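The following exchange examines how several structural assignments are justified. Please consider the predicted model shown here.

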Amino acid sequence: MPSSADLSRTGRVRLLAVPGLVMVLALVLVPVLALGARTFDSASLFGVWSRPGIVDAIGFTIVETILSTAVTIALGLAPAWALSHHSMPGHRFALAVTTVPFMLPTVVVGAAFLGLLPGSVERGLVAVVIAHAYFNVAVVIRTVAPVWATIDPMLVSAARNLGASRTRAFVSITLPLLKPALYSATAIVGFMCATSYGVVRMLGGGNATLEVEVYRRAILFGDIAGASTLAVVQLLVAAICLLVWTGKDRVVFTNAGHRSRRRDHPVARVVAVIATVVTVIPLVALVLSSMRSRGHWTLAGWRLLTSGSNVPGLRLDLIDVLSRSLLFAVIAAAIAVPIGIATSTVSSSRSTILDRVLLLPLGASAVAVGLGIVITYDSSPFDFRSSWWLTPVVHAVVALPFVIRVIQPVHSRIPEHLRSAAATLGASPLRVWATIDVPLISGAIRTAFGLSLAISLGEFGATSFLTRNDTDTLPIAVEQLLGRSGDLARLAGHAVAVVLLLATLIALAFTTRSRHSWSAS
Amino acid sequence: MTTPSCDREHGLELDRISVAHDGRSLIRDLSFSVEGGSTTALLGPSGVGKSSLLRVIAGIDRPTGGRILLDGSDVTDTPIHQRRIGLVFQDNQLFPHLSVADNVAYGLRNAATREARRSWRGSRTRERVHELLSLVGLADRENDPVGVLSGGEAKRVALARGLAPTPKALLLDEPLTGLDRALHDRLMEDLATILRATGTTALIVTHDETEARFLASATVRLG
């Protein structure tokens with residue numbers, strides 16, 4: 001039976017979750033509920049569907065989601081198989097490189113494909129599907145490869161020994177064992193494609209997903225009621241999809257002991273090399289397209305960014321935007337990481353409801369959150385719309401679930417007897433936390449910090465509702481420049497995207513360096 | 001009871017076979033034969049290449065030299081799924097997503113010809129599966145998932161699965177390893193009975209002399 005001192009301490013520990021809860025409630029739940037209330041109050045709840053563009057947006061969202069998901073899964077299976085071979089030379093490098101696109105800002109991926117694809121397909125359904133596949137193949141690899149690696153190759157040999165052809169062995173043995181992982185990958189990729197915003201803004205041409213339509217209704221047409229209705233409907237559909245997915249049997253047959261038995265395979269090496277090269281090509285194309293116009297090399301775009309321009313609409317101070325983006329990223333990380341550490345301390349030991357509330361920003365669309373904040377905090381004393389700090393704080397909320405997901409599993413695996421041993425040696429609870437917990441999760445903290453920086457640097461959905469001209473971030477600048485006509489704007493847009501790419505890669509370097517840190521198993 | 005499935009005239013023959021694993025030569029120029037319908041035990045200490053040799057005979061790995069003859073035909077280059085040499089794995093390798101019956105039926109559904117596949121459809125497959133599971137004493141476990149089986153039961157299912165497609169020869173990789181003494185002795189007697197009853201040409205890997213003498217009419221020593 002717990003003593004009163006234990007209960008008192010438990011109560012104090014629970015207080016650590018309060019800052020995270022307040023942030024999520026204030027900047028996600030309340031704005032989303034406000035959107036719902038706006039929809040409920042609106043006479044256009046049913047009338048909105050007949051407005052021009054909405055049916056098209058629904059149709060495009062469905063078509064691009066189905067196509068993008070199918071193409072992504074199909075393209076992801078081969079590298080997932082190749083990278084499940086842990087004994088392959090360069091395995092970790094190939095895995096790291098092929099994972100990078102998923103961590104990149106959507107506008108960087110959009111800009112890269114604008115630079116890579118021929119003019120006839122650079123905007124429209126084909127471009128969106130290709131970019132989504134590029135962006136999300138990492139999900140298939142990261143979800144399927146670990147499961148594939150644990151399927152004992154001897155099972156396939158057993159099937160072949162019983163007369164099965166290669167195809168039949170794959171269909172009757174490997175595929176059923178991969179099914180739970182494939183379900184998960186399909187659900188995640190489908191969700192990402194259905195709620196895609198940045199890629200479609202950049203590459204959609206005249207097409208819009210529901211997310212983009214929410215933005216267009218709210219910002220371009222001033223149709224807040226219509227935008228709110230769409231955002232709420234999309235949130236509901238997304239919530240239902242996620243509930244269905246989480247209700248599915250996701251038991252996976254795995255046996256980590258079989259990993260070492262998977263042998264190197266020449267075809268796997270070839271597939272891994274191809275996947276790595278294909279991942280790098282768009283990024284190289286992005287760099288080249290910032291310096292190439294009409295068949296000639298030029299640094300006009302870079303000069304425009306560094307020395308300024310008098311061309312109307314092309315006044316952009318790169319140093320100003322870059323330093324602001326970096327400042328926002330550091331602030332977001334400085335908020336998200338301590339709150340994530342505090343929350344992980346609580347949620348690793350109890351309360352799944354707390355976990356679910358804190359993961360809300362993952363499920364809520366960033367566009368809905370951005371729109372919700374704009375319409376919620378619009379009157380004194382809570383009129384924060386023009387406050388510069390709102391953007392990094394929202395970035396912190398967006399990053400928080402990822403921070404928790406990185407830190408919590410590592411924290412929860414710290415053996416309790418280590419803390420007991422420290423306590424028996426005279427360490428106070430605070431000293432136990434500082435000398436045992438923190439050093440053991442330091443690698444996860446570095447990873448979480450890098451991830452927060454990268455998320456903030458690339459955040460585009462909510463930011464596009466929150467920034468003003470004097471608070472633009474790098475993604476906003478990329479989208480604005482590439483949305484204009486003219487070679488100079490295009491060159492400058494690609495140049496800013498290159499800067500954003502480099503900044504993101506540097507931030508992500510934090511996450512790879514911490515691989516060598518402690519992780520209990 | 002199942003009728004004898006092998007050709008007693010020829011059986012399995014290894015002709016100057018060489019085996020390597022991870023670039024290391026394990027077996028060089030080994031020759032021996034297993035008479036049709038008989039059981040031979042392959043004895044030797046750990047690491048000498050017994051399991052690697054079975055993998056080569058089954059067609060999972062390729063030999064670095066020599067020939068494998070089955071009923072007088074050279075099957076060295078025959079693909080694994082067309083070789084008709086069954087293998088009962090040391091760790092069983094039961095398909096975890098299939099039931100006991102579906103594991104045993106798996107090989108029947110892979111019959112090489114369309115006619116054979118047709119003949120193994122429906123009730124005939126069910127009868128054959130039931131016959132084999134009765135043979136190994138698991139007739140009442142047909143619909144169980146393999147994950148709930150004990151070690152001994154899993155080995156019996158693996159044996160039934162190996163016998164189901166009536167292979168011309170059956171390789172057993174330490175089929176009695178990891179069982180407690182009582183179960184080991186009971187299963188050893190059952191295995192001897194089953195192999196005799198089915199007239200299967202069998203090659204059993206073991207490091208236990210008693211087991212080898214009990215199950216086999218001949219022995220081959222490695223190392």
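Q: What makes S7 (residues 169–173) and S8 (residues 202–206) of chain B a pair of strands?
A: Two strands pair if DSSP finds at least two bridges between them. Four bridges join S7(B) to S8(B), and the two run parallel; therefore they count as paired. Within this pairing, B:Leu171 stands opposite B:Leu203 of S8(B).

Q: Why are strand S6 (85–88) and strand S9 (218–221) of chain B called edge strands?
A: Each of them pairs on one side only. They belong to an open sheet of five strands in chain B, ordered S6-S7-S8-S3-S9 with parallel pairing. From one strand to the next, the twist averages 20°.

Q: How is helix H1 (residues 50–58) of chain B placed relative to S7(B)?
A: H1(B) lies across strand S3 (39–43), S6, S7 and S8 of chain B, and runs at about 155° to S7(B). Angles run from 0 to 180 degrees between N-to-C directions, so the value describes direction as well as tilt.

Q: What makes up the contact between chain A and chain B?
A: The contact takes 17 residues from chain A and 18 residues from chain B. On the side of chain A, helix H7 (153–161) and helix H8 (166–194) each give two or more residues, and H7(A) supplies the largest share, seven residues. By class, this side of chain A has ten nonpolar, four polar and three charged residues.

Definitions and conventions
Residues numbered from 1 in each chain as written. Chains lettered and ligands numbered in written order. Predicted model: local features only at pLDDT ≥ 70, side-chain atom pairs only at ≥ 80, totals over all residues. Contact = placed C-beta atoms within 7 Å. Nonpolar A, V, L, I, M, F, W, Y, C, P; charged D, E, K, R; others polar.
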